[in-house]
Amino acid sequence: RPSHDFYTIRLSIALCCLGMLIFGWSSMVDNGRSFSESLRTNNFSGSQVLVLILFLTMIVIDRALYTWYRSDLVEEEGDNQEVDSVWRLKGLLARIVQKFSICFHIVAIHLFFILQWKRKPLSKDNEVSIFGSDHSTLACFYVLYVAYLTLSSLQMKYDVHVMRGGLRFTHNTDLLSMVIFNIYSALPFLNELRAITDWTATETSLNLFMWMKLEDAHHSLYRTRLDMEGRAMTQPAEARPVIEKVYMGGALLFILLMLLVGPILFFSSLNTLFLVQNPVNSGVLQVGLKVESRHGNKAMNLYTANQDKIHELKGE
């Protein structure tokens with residue numbers, strides 16, 4: 001069969017859907033709280049957390065199946081009929097699981113929308129639709145999710161022949177590949193999820209820690225390759241420009257100095273801009289006893305002292 005890999009596009013769509021579930025949950029369901037409100041109250045919706053767990057599990061399972069059925073077997077000399085039959089059986093089993101997973105997602109996404117429609121009042125024409133001004137986020141999520149399922153189904157028609165190892169976007173050093181690599185590296189735990197999933201679904205003699213070291217080495221080599229190609233654009237022994245010294249060296253030195261002396265400077269007498277004098281003119285000291293019980297609360301004042309004449313302390 002012909003070979004074509006849609007995984008990078010599928011993962012990008014899945015991450016977009018995940019971001020919409022996190023930040024756009026309030027506009028996708030009724031009575032949903034926004035992400036900022038959930039952070040402010042330290043309380044997230046149980047249904048939102050459950051959906052996020054299921055969605056992350058779906059991404060991990062999809063990566064494991066992708067790693068399982070891709071054709072990365074290297075033929076060796078000799079009789080490999082037994083190895084080849086085992087690999088074909090694994091690939092067939094992975095595709096069967098993938099088809100059942102796609103059917104489950106189709107039923108689940110439409111069941112989710114049916115439940116949302118059931119809770120919403122009907123329009124004048126007794127019709128329900130997500131493609132309206134009030135459901136733009138929900139419609140966008142539906143389109144992206146259907147596109148993800150479409151690409152997952154289309155992937156079943158093609159094999160995935162891995163001709164070069166590592167991440168696909170590390171095979172080139174153009175601007176787009178470099179930006180994608182930086183975004184991929186900046187997303188928390190994304191590389192760890194991918195590496196651990198690949199190790200779990202791959203037959204290898206490496207243990208997990210060796211596998212992670214190999215991934216780190218590959219990323220370091222790619223960054224070194226980018227640095228060396230950038231270095232090749234300059235002339236041999238060419239001095240760095242003055243503007244680079246200013247915005248990198250000078251700016252970083254200023255930031256470090258502010259971190260060291262900034263707190264002391266803020267609370268010193270030199271700070272006449274942000275600190276306003278607010279002397280204490282009087283004070284009251286009270287000592288009391290309060291008893292709380294199911295029958296009521298009782299409070300008793302034990303001692304009270306007033307101080308109306310407070311002298312300013314002047315000292316060096």
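**Entry 1: helix 7 against helix 8**

I began with one crossing: helix 7 and helix 8 cross in a right-handed way. The model I am reading is a predicted one. I looked up the geometry next. The axes of helix 7 and helix 8 lie 10 Å apart, and the packing angle is about 130°. The two helices are therefore oblique to each other.

Which residues of helix 7 and helix 8 meet? From helix 7 I listed N191, E192, R194, A195, I196, D198 and W199. From helix 8 I listed L208, W211, M212, E215 and H219. I then sorted this contact by class. It has six nonpolar, two polar and four charged residues.

**Entry 2: the whole protein**

I stepped back for an overview. I counted nine helices and two strands in the protein. Along the sequence, the order reads α-α-α-α-α-α-α-α-α-β-β. The protein has 316 residues, and 24% of them are buried. I also checked contacts by sequence separation. Of the contacts with a separation of 6 or more, 64% are between residues 24 or more positions apart.

**Entry 3: helix 6 against helix 8**

Helix 8 came up again, this time with helix 6 (residues 175–186). Their axes come within 12 Å and cross at roughly 140°. Helix 6 and helix 8 are therefore oblique to each other. I noted a left-handed crossing for helix 6 and helix 8.

On the helix 6 side I found S177, M178, F181, Y184 and S185. On the helix 8 side I found H219, Y222, R223 and L226. This contact holds five nonpolar, three polar and one charged residues. H219 caught my eye, since I had already listed H219 in the contact with helix 7. H219 also meets helix 6.

**Entry 4: helix 1 against helix 5**

I moved to helix 1 (residues 7–23) and helix 5 (residues 136–155). Their axes are 9 Å apart, at an angle of about 155°. How is helix 1 oriented to helix 5? The angle is over 145°, so helix 1 is roughly antiparallel to helix 5. Their crossing is left-handed.

Helix 1 brings Y7, I9, R10, I13, A14, C16, C17, M20 and L21 to this contact. Helix 5 brings T137, C140, F141, L144, Y145, A147, Y148, L151, S152 and Q155. I sorted these residues too: 15 are nonpolar, three are polar and one is charged.

**Entry 5: salt bridges**

How many salt bridges does the structure hold? I found seven. I wrote up some of them.

R63 pairs with D198, and their closest N and O atoms are 2.7 Å apart. R63 sits in helix 3 (residues 46–69) and D198 in helix 7 (residues 190–201), so this bridge ties together parts 135 residues apart in sequence. Are R63 and D198 buried or exposed? Both are buried. D198 is also among the helix 7 residues that meet helix 8.

R240 and E244 form another bridge, at 2.9 Å from N to O. R240 is partly exposed, with 39% relative accessibility. E244 counts as buried at 19%, because the cut-off for buried is under 20%.

Then I followed shared partners. Salt bridges join R63, R194, D198 and E215 into one network. I had met R194, D198 and E215 before, in the contact of helix 7 with helix 8.

R225 and E229 make a further bridge, 3.5 Å from N to O. They lie four residues apart in helix 8 (residues 208–232), so about one helical turn separates them. R225 is partly exposed at 35% relative accessibility. E229 is partly exposed as well, with 33%.

**Entry 6: two positive phi angles**

I finished with the backbone. Most residues other than glycine have a negative phi. I looked up two residues that have a positive phi.

F189 is not a glycine, yet its phi is about 65°. Where is F189 found? I located F189 in the loop between helix 6 and helix 7. F189 is exposed, with a relative accessible area of 62%.

A237 is not a glycine either, and its phi is about 60°. I located A237 in the loop between helix 8 and helix 9 (242–266). A237 counts as exposed, at 80% relative accessibility.

Methods:
Residues are numbered from 1 along each chain as its sequence is written. This is a predicted model: local features need pLDDT of at least 70, side-chain atom pairs count only at pLDDT 80 or more; totals for chains, interfaces and linings use all residues. Side-chain values use heavy atoms; hydrogens and water are left out. Axes are lines fitted to C-alpha atoms, for helices over the stretch in contact, and angles run from 0 to 180 degrees between N-to-C directions. Angles under 35 degrees count as roughly parallel, over 145 as roughly antiparallel, 65 to 115 as roughly perpendicular and the rest as oblique. A crossing is left-handed if the near helix is turned anticlockwise from the far one by less than a right angle, and right-handed if clockwise. Contact means heavy atoms within 4.5 Å. Ala, Val, Leu, Ile, Met, Phe, Trp, Tyr, Cys and Pro count as nonpolar, Asp, Glu, Lys and Arg as charged, and the others, Gly among them, as polar. A salt bridge is a side-chain nitrogen of Lys or Arg within 4 Å of a carboxyl oxygen of Asp or Glu. Buried means under 20% relative accessible area, exposed over 50%, partly exposed in between (1.4 Å probe, protein chains only).
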